[in-house]
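Colleague: Before we go through this model together, could you take my questions in turn and set out the reasoning behind each reply?

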Amino acid sequence: MAVVFLLFTLAKNTYVYHRKSFYVIKRSTAVIEAREFLKYLWPNPLTLLKAFDPLKSIPDMNNSSNKSGCEPDLRSMLKNQHKKVYSICRFFAHNYQEHQRLFTNIIAAASQNIRSRKDNSNDKQTMLLRACINMAALHSISLELESGHDATIQFKSPDYQRSMSSFRESVRGISDLEKFRLFLELENVPPGEVPTFTGLANIPPSRERREAPAPAKNFIPYLKAKLIWS
Amino acid sequence: MELKKLLQHWNSFPEISMEERPILSSDLERIVVKNPLSDAFYLRKKLLWRIGIITALWLIDAWQVRSGWRTDGPELRMNIALFGLLAFSLYYHIRILLFADYPTLLALPLVNFLGKLEVILDKFIWSFKFVSAITGFYLLFAIEGLLSRLNAGAYDSLSHNDWYKGFIVIFLAISIDILLLQTLIPKYRKLLATVKKYREGIFTKAQNK
């Protein structure tokens with residue numbers, strides 16, 4: 001049955017392999033990395049067992065039952081880096097409720113990301129910034145789904161309100177991608193590392209830009225010349 | 001020049017007031033980290049519930065197939081069809097859950113994250129077809145049970161004709177699918193469309209650079 005299902009999946013979508021990434025075309029135009037694509041087609045049986053293992057090493061997404069919060073290392077790291085989270089909130093929050101919600105969600109996402117990868121501190125920074133960007137994107141999508149969303153800046157502190165208004169005025173009209181790039185620039189992330197956060201390294205340039213416009217076809221050159229010269 | 005000006009402004013940005021500050025840095029110790037994804041983006045619980053229910057139904061159906069095989073009962077073919085459908089649905093749901101890999105989902109780069117979110121939502125919307133088909137089978141069994149009590153003749157003619165039963169199952173499954181398309185699915189479709197639009201917007205901006 002697994003083989004039948006695999007064939008069915010392969011037949012249903014169209015896959016294009018380009019620069020180590022699979023482009024799933026037709027049903028959904030998602031980009032899946034080669035490793036993720038194989039996992040998507042045929043999951044690892046060890047992962048299957050891990051999901052039901054009571055002593056699993058991968059933490060659960062919802063750890064609200066854990067009253068102690070997060071581990072000391074992670075806690076101190078988040079304490080030191082929490083201003084980065086405030087920074088991304090400046091781009092996307094319109095009032096203090098949104099600010100609080102986004103801040104809490106980013107902290108939760110960052111701790112989730114870091115707990116899932118026990119690597120070096122450099123990687124922790126990456127995980128934190130990815131959490132900032134991904135949660136800000138989800139925040140933006142959620143606001144788009146809300147029909148009567150009020151986009152005026154409303155903060156109680158007059159200084160903060162003034163600064164936010166002038167800052168938002170200066171970045172008005174720029175897209176979310178540009179906001180993310182600006183945020184990374186202001187957080188001193190080298191430009192070469194930006195694709196590791198946005199995932200836009202493997203995008204081929206659009207067809208219009210890559211190919212020069214083809215000259216109009218002259219089907220009957222002899223007749224055209226005749227008509228022009230006569 | 002603009003960026004320099006913005007950087008100066010950025011560095012002199014005032015702190016948010018104490019009243020509005022979400023969590024003070026010293027209070028981070030007291031943070032109880034919750035699930036950052038909201039209901040519509042976080043389908044793990046729903047998938048686990050479905051997997052549990054389908055597994056239970058699959059086991060019950062396996063026992064019914066076994067007893068039907070021994071006694072050569074009238075429901076044997078329908079039970080075998082249901083057994084296959086339940087097994088396939090189970091595989092499909094487990095596959096979505098493993099693909100989603102929620103603990104590491106937010107650690108992906110933005111475009112890959114949005115792409116994966118799209119695929120999960122798309123597959124989840126498709127999983128409603130299985131729900132409709134399974135409900136169609138169980139509604140047929142309910143109709144048969146009702147007929148056996150109300151009208152024994154009608155029950156006899158229905159239970160010995162697999163074609164009738166097949167058509168009734170198809171009719172019921174399509175009806176339930178239409179019902180779900182009008183009630184539950186639009187919420188997910190809207191979300192999927194918004195995520196897709198957002199991701200395509202990012203792609204377009206990146207290509208126009």
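Colleague: Where in chain B is Asp72(B) found?

Modeller: This is a predicted model, and Asp72(B) has a positive phi of about 55° although it is not a glycine. Most residues other than glycine have a negative phi. Asp72(B) is also exposed, with 7 other C-beta atoms within 10 Å, and its place in chain B is the loop between helix H2 (44-71) and helix H3 (76-100).

Colleague: Is Asn188(A), which has a positive phi in a residue other than glycine, buried or exposed?

Modeller: Phi of Asn188(A) is near 60°, and this residue is found in the loop between helix H8 (176-186) and helix H9 (195-198) of chain A. A residue counts as exposed if 12 or fewer other C-beta atoms lie within 10 Å of its own. Because Asn188(A) has 6 other C-beta atoms within 10 Å, the residue is exposed.

Colleague: Which helix gives the most to the largest nonpolar core, the one of 55 residues?

Modeller: Of the 55 residues in this core, those that touch the most other members are Ile106(A), Ala110(A), Ala131(A) and Cys132(A). Both chains take part, with helices that each supply at least two residues, including helix H5 (96-116) and helix H6 (121-145) of chain A and helix H5 (110-150) of chain B. The helix that gives the most, with eleven residues, is H6(A).

Colleague: Which residues does Ala110(A) touch, not counting residues up to four places away in sequence?

Modeller: Ala110(A) is one of the residues that touch the most other members of the largest nonpolar core. With residues up to four places away in sequence left out, Ala110(A) touches Leu78(A), Met127(A), Leu128(A) and Ala131(A).

Colleague: How many residues are in the other core that lies apart from the largest one?

Modeller: Among the members of this other core are Leu82(B), Ile134(B), Val169(B) and Ala173(B). Val169(B) and Ala173(B) are among the buried residues of H7(B), and the number of residues in this core is twelve.

Colleague: Within what arc do the buried residues of H7(B) fall, seen down its axis?

Modeller: Helix H7 (residues 162-183) of chain B reaches 31 Å from its first C-alpha to its last, close to the 32 Å expected at 1.5 Å a residue. Its buried residues are Lys165(B), Val169(B), Leu172(B) and Ala173(B), which pack against H3, H5 and helix H6 (152-159) of chain B, while the face turned away from the buried side carries exposed residues including Trp163(B), Phe167(B) and Gln182(B). The buried residues line one face of H7(B), because seen down the axis they fall within an arc of 105°.

Methods: Residues are numbered from 1 along each chain as its sequence is written. Chains are lettered from A and ligands numbered from 1 in the order in which they are written. This is a predicted model: local features need pLDDT of at least 70, side-chain atom pairs count only at pLDDT 80 or more; totals for chains, interfaces and linings use all residues. Helices (H or I, at least four residues) and strands (E, at least two) are DSSP runs, numbered from the N terminus. A residue is buried if 20 or more other C-beta atoms lie within 10 Å of its own, exposed if 12 or fewer, and partly exposed in between; C-beta atoms are placed from the backbone. A nonpolar core is a set of buried Ala, Val, Leu, Ile, Met, Phe, Trp, Tyr and Cys residues joined through C-beta atoms within 7 Å. Two residues are in contact if their C-beta atoms, placed from the backbone, lie within 7 Å. The expected span of a helix is 1.5 Å times one less than its number of residues. The arc is that of the directions from the helix axis to the C-beta atoms.
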